[in-house]
Amino acid sequence: MIEFYLNGEAQRCASLAPDTSVLELLRAELQRTGTKEGCASGDCGACTVAIGEPDRDGRLHYHSINACITPAHQLQGRHLVTVEGLARGDALHPVQAAMVECHASQCGFCTPGIVMSLFTLHERQRQAPVALDDACLEATLGGNLCRCTGYRPIQKAARRMAAQPDVRPPWGDSPGLADDVAALGSLLDATGYAMPITLTALHALRRQYPTARLVAGATDLWLEATQRLQAFEHLIDVSRVTELQTIDATPDGWWIGASVTYTRLEPLLDEHYPAFARLLRRLGSAQIRNRGTLGGNIANASPIGDTPPILLALDAHLALEGPNGARQLPLDDFFLDYKRTALEPGEFIRAIFLPRPTGNRHLEVWKLSKRREDDISAVLGAFAWRQENGCLHDVHLAFGGMDATPRRAQATEAALEGQPPDITAFDAARQALARDFQPLDDVRGSAAYRQLAAANLLERLRLTIDHDAAQEVCLDAYAH
């Protein structure tokens, strides 16, 4: 049994299979067909809906998600808003009215998802003004593909929302809705799907179901259901375990709970690691960043995961817990082979330690992918170093997409360590890079392309360090 609110109305759904998605629940069980299925992989945004969660002030805070890859059980104690729940009778919500006025829809298939992404932006505007500049609209709509109109009328509609009559849906006038949603709590009574809220309960469930899969954001795991048609017999949802949701500051850095989402992590990175924050804005889409977690990106152990190379370059380490107790492990020692990690049976990642930046240490991160928004990298390079007396020291260079695991380029680092950042040193580094990796060869890029691209990123690093270089370092924004 899961209990939640849908467009202001209480819902109770029983006997759902563990691998039921929000999209399946809406279309098959609840007969709300306004939300569409396009890709079933979190790429196109046609299935975008909004989830309202009670915040510390007792208000409902809304964020966009991909319904196709979000577990239905995660609706417990939440308010789900779909395109059917925005208008008040014949009076359209400001987002809908602006879309009509600006001729921003043709076939209409992708329109519900676009409307819901803009709805979450409109809700943010109601709480605090947000500059609707290109960067804001790119972040809001980067996970929504439109195959008909092009994006200019959609962006125009986004800027015209505030000029429309302030029509609120009927549930928007309910002063007690947030309290009603909060009263449902996080306790879940479901077969095959468990949602612990404490670390102690998580350990107990791991002992009871040692082979159960762990799920947090589900942005990767759920593809096994939608793309590979695999069924999950038992799932343990760690998204609400209190101890995995914290960000604890220490004098040396931060312990980031494994279930902290990218969206929650962004303000910390904006302040302390701007290069990491810029990369984060290219990790998936707003819908993905609202659900995906740092711990999940690491545990997934994909060779093309976006965050592991950066964390490797920054000397991050992990706090692990399992049947034999707790231990810490450098991230360098975590990835063993393709999709294989140092996690022992029953172990899980509790937190990731991110060291504080020192005043003279630099970080650059560059991602190469076929499209800017919502794409997986072909090659990602993360470069950390400090410069003293004209020479490079503590050089850490890590790459994704270059081998079976994300890892550091140790021979390349050695070629640069203690050397001035000149052409001679970087020529030696590029030769060492060819010895460091045997790149992947797949649909995102051939081995030859990846080797050349990684070498070119090294040259870009040299030009970045050499501020007097005549060449323009950044030719366009796509490598940020």
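**Where domain 3 meets domain 4**

Between them, domain 3 and domain 4 bury about 1,800 Å², 59% of it on carbon and sulfur atoms; buried area here is the accessible area (1.4 Å probe) that two parts lose on being put together, summed over both. On the domain 3 side, R282, P303 and I304 lose the most area to domain 4, together 39% of what that side buries. The structure is a predicted model, in which local features need pLDDT of at least 70 and side-chain atom pairs count only at pLDDT 80 or more, while totals for chains, interfaces and linings use all residues. Residues are numbered from 1 along each chain as its sequence is written, and side-chain values use heavy atoms, with hydrogens and water left out.

To place this interface in the chain, the domain assignment gives domain 1 (2-183), domain 2 (193-237), domain 3 (242-355) and domain 4 (368-478), with bounds that come from an automatic or database domain assignment. The C-alpha centres of domain 3 and domain 4 are 22 Å apart. In contact (heavy atoms within 4.5 Å) are 20 residues of domain 3 and 26 residues of domain 4.

Two salt bridges are counted between domain 3 and domain 4, a salt bridge being a side-chain nitrogen of Lys or Arg within 4 Å of a carboxyl oxygen of Asp or Glu. D315 forms a salt bridge with R408, where the closest N and O atoms are 3.6 Å apart. Turning to secondary structure, the elements giving two or more residues to the side of domain 3 that touches domain 4 are α13 (307-313) and β13 (335-337), taken from DSSP runs (helices H or I, at least four residues; strands E, at least two) numbered from the N terminus. With five residues, α13 gives the most to that side.
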